[in-house]
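Thank you for asking me to look over this model. My remarks are set out below as a short list.

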Amino acid sequence: MQRKKVEVYFYKCPNCGIERTSWFLEEDGKTGKSLAICFNCDARFELNDAKWYTKTVNAYSCPKCGEFVEAIEENYSFYGLFCPNCDSLVRYSRRNIHPNKLLRATKNQLKRTIELVNELRLLKAENWRDFASLAILLLDAKKEERGFRMSPYFHRQDFTNYLLIKGDEFIGYVSWNLLKGTPTLRQIYIVERERRKGYGSILLRESFKLFAGSEVEFIVESPNEKTLAMLLKLGYVEKDEDGYRGVKVRFIYCG
Ligand SMILES: [Zn+2]
Ligand SMILES: [Zn+2]
């Protein structure tokens with residue numbers, strides 16, 4: 001990854017003092033002038049040329065498209081610095097941690113896991129480090145399943161995410177939430193080299209128990225073939241000449 005210094009124009013919110021390089025704009029109905037809206041304090045004010053000033057910030061080259069991405073607030077999400085040009089993760093968090101390192105569980109993470117069968121463990125994503133590991137897996141998942149959505153999806157509070165660990169390696173995840181009170185399976189993913197070993201089924205079954213307790217029914221959002229095959233094996237769906245039919249699950253599809 002290359003780094004360079006670049007000059008960026010900033011403007012300070014006259015009300016709360018937050019610095020931004022871009023603002024939401026709104027037209028003033030009376031005067032027709034453009035007003036900036038502070039995303040932080042909701043203040044409305046005119047963007048006056050005189051108040052812009054420059055600052056030198058770091059910019060990092062995007063591993064995918066090669067563009068330099070400025071390390072400014074607007075380009076950060078929960079996990080790190082994102083390329084506004086191609087959506088790739090450029091830098092993990094504000095620290096430099098190699099992505100491969102994030103795929104190994106730390107001692108602290110292992111301490112918070114629940115032991116399953118064999119060498120498998122389940123970790124509920126709670127802190128920055130957990131979500132960063134999740135983000136790396138999600139980037140992989142997105143390569144196969146373009147419908148998988150990215151940030152800020154995962155740290156929204158109504159989603160509960162579990163990571164699957166084998167030994168000390170993160171090998172998959174599952175996302176649950178409640179839809180009108182019914183547990184809903186949002187995404188499930190196992191890294192390619194660990195498939196066809198029944199791990200997906202274990203992840204689904206064990207996380208559902210933790211998430212939903214004694215509930216027996218759940219909803220599945222836009223299941224793909226792999227998920228359907230897994231649900232079939234677990235007895236949640238049946239298959240006949242018309243295709244798959246839910247037994248203990250219902251399907252919903254989001255565009
Ligand atoms: Zn403000
Ligand atoms: Zn890029």
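The points that follow go from the chain as a whole to one sheet and the helix that lies across it.

1. This is a predicted model, in which local features need pLDDT of at least 70 and side-chain atom pairs count only at pLDDT 80 or more, while totals for chains, interfaces and linings use all residues. Residues are numbered from 1 along each chain as its sequence is written, chains are lettered from A and ligands numbered from 1 in the order in which they are written, and side-chain values use heavy atoms, with hydrogens and water left out.

2. The protein chain holds 5 helices and 18 strands, these being DSSP runs (H or I of at least four residues for helices, E of at least two for strands) numbered from the N terminus. Its C-alpha atoms fill a box of roughly 65 × 45 × 30 Å along the principal axes.

3. Of its 255 residues, 44% count as buried, that is, under 20% relative accessible area with a 1.4 Å probe, protein chains only.

4. An open sheet of mixed pairing is formed by 7 strands in the order 10-11-12-13-14-15-18, where pairing requires at least two DSSP bridges between two strands. Its edge strands, each paired on one side only, are strand 10 (114-115) and strand 18 (249-252).

5. Within this sheet, strand 13 (residues 169-179) and strand 14 (residues 182-190) pair in the antiparallel sense over 8 bridges, and the bridge partner of Tyr173 in strand 14 is Tyr189.

6. Helix 3 (residues 128-144) lies across strand 11 (120-124), strand 12 (160-166), strand 13 and strand 14, and runs at about 90° to strand 13; axes here are lines fitted to C-alpha atoms, for helices over the stretch in contact (heavy atoms within 4.5 Å), with angles from 0 to 180 degrees between N-to-C directions.

Notes:
Buried < 20%, exposed > 50% of the residue type's maximum accessible area, 1.4 Å probe, protein only.
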